[in-house]
Amino acid sequence: MPRPLVVGNWKMNGSRRSTAELLEGLLQRWQGVHKAEVAVCAPFVYLAQVGRQLADSRIRYGAQDLSPHDDGAYTGDISAAMLSDMLCSFVIVGHSERRSIHRESNELVAEKAAAALAAGLTPIICVGESLEQRESNETLQVVEAQLKAVAERIGAERYASTVVAYEPVWAIGTGKTASPEQAQEVHSFIRRQLGANGADTPILYGGSVKPDNAEELFRQADIDGGLIGGASLDAEQFTQICEAADRIAD
Ligand code: PEP
């Protein structure tokens, strides 16, 4: 079983001051050696600050997106090499907000995953269905197509160097969580899709994870932790979710 992992996705939130306070709160609560691994994905402009504040800790960090290109005339974009240079460990690719608001296709997400891997970053590849797709029983087909596009670009064996996050779009930021059984069904499907290459790939669940539902979700056979949005902006709540991940490793 992969080591449990909890990643905070701060999205477009924070200021220098609130970032410092949030990390201070987290560092006070999550000290020393733990079985679960913890990371936060911050807005680009705060990565240097996050790197400085987390330098002596075991908490890792990353970004929420990247360019598929190496360098050049791509105004406003940030490359994988730049994220590596900022000592990021992770980068989220294909978050549903990027797929919907920025119209990112499965192929573009695959290009981004490839760029991340080439720079030594671990891509957190987000997959998941909309409410409409779930209601028309298309969940597994949608997730399969999202995973397949990445496998075709990076080679299925490279799934071993990634993290996959199942995030049903209807559960993100809505307060609606997939039931542990609904989530496990898709997680076990993802595990089968990844095949032998994915035996140690953490498969995270994301979508309104809170301290009171985290442990039951994380106890499912193929759920290895969580990608946490709203609750990652609160040091106490986020720590409680990290503690739930620690307990499943017992
Ligand atoms: C997310 O944005 O990845 C997410 C899961 O958000 P929330 O926890 O707020 O639903």
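Q: What makes strand 1 and strand 2 count as a pair?
A: Two strands pair if DSSP finds at least two bridges between them. Strand 1 and strand 2 are joined by 5 bridges and run parallel, so they pass that test. One example is Val-7, whose bridge partner in strand 2 is Ala-39. Strands here are DSSP runs of E with at least two residues, helices are runs of H or I with at least four residues, and both are numbered from the N terminus.

Before going on, a word about the model. It is predicted: local features need pLDDT of at least 70 and side-chain atom pairs count only at pLDDT 80 or more, while totals for chains, interfaces and linings use all residues. Residues are numbered from 1 along each chain as its sequence is written, and side-chain values use heavy atoms, with hydrogens and water left out.

Q: Why is strand 2 (residues 37–41) called largely enclosed by the rest of the structure?
A: Buried means under 20% relative accessible area, exposed means over 50%, and partly exposed lies in between (1.4 Å probe, protein chains only). In strand 2, 5 of the 5 residues are buried, so the rest of the structure largely encloses this strand.

Q: How do you know that both faces of strand 2 are covered?
A: In a regular strand the side chains alternate between the two faces of the sheet. On one side of strand 2 sit Glu-37, Ala-39 and Cys-41, on the other Val-38 and Val-40, and all of these are buried.

Q: What makes the path from strand 1 through helix 1 to strand 2 right-handed?
A: Point the strands away from you: a crossover is right-handed if the path from the first strand over the helix to the second runs clockwise. Strand 1, helix 1 and strand 2 make a β-α-β unit of this hand. The chain then crosses from strand 2 through helix 2 (residues 47–54) to strand 3, another right-handed β-α-β crossover. Strand 2 and strand 3 (residues 60–63) run parallel, joined by 3 bridges, and Val-40 has Tyr-61 as its bridge partner.

Q: How do you know that strand 6 (residues 163–166) is covered on both faces?
A: Val-163 and Ala-165 lie on one side, Val-164 and Tyr-166 on the other, and all four names are those of buried residues.

Q: Which strands are joined to strand 6 by bridges?
A: Strand 5 (residues 122–127) is joined to strand 6 by 4 bridges, in parallel, with Ile-124 partnered by Val-163. Strand 7 (residues 203–206) is also parallel to strand 6, through 3 bridges, and there Val-164 stands opposite Ile-203. Strand 6, helix 8 (residues 180–194) and strand 7 form a right-handed β-α-β unit.

Q: What makes strand 7 and strand 8 (residues 225–228) a pair?
A: They share 2 bridges in the parallel sense, which meets the requirement for a pair. Here Gly-206 stands opposite Leu-227. From strand 7 the chain passes through helix 9 (residues 211–218) to strand 8, in a right-handed crossover.

Q: Why is Trp-170 called buried or exposed?
A: Trp-170 has a relative accessible area of 11%, which falls under the cut-off for buried. Trp-170 sits in the loop between strand 6 and helix 8.

Q: Why is Leu-87 called buried or exposed?
A: The relative accessible area of Leu-87 is 63%, over the cut-off for exposed. Leu-87 lies in the loop between helix 3 (80–85) and strand 4 (90–93).

Q: What makes the phi of Leu-87 and of Lys-11 worth a second look?
A: Most residues other than glycine have a negative phi. Phi is positive in Leu-87, near 65°, and in Lys-11, near 55°.

Q: How do you know that His-95 makes a polar contact with the ligand?
A: A polar contact is a pair of N or O atoms within 3.5 Å; within protein, one must be able to donate a hydrogen and the other to accept it, and residues adjacent in sequence count only if both atoms are side-chain atoms. A polar side-chain atom of His-95 is 2.9 Å from an oxygen atom of the ligand, so this pair qualifies. A side-chain N or O atom of Asn-9 is 3.3 Å from a ligand oxygen, and a backbone N or O atom of Gly-230 is 2.8 Å from one.
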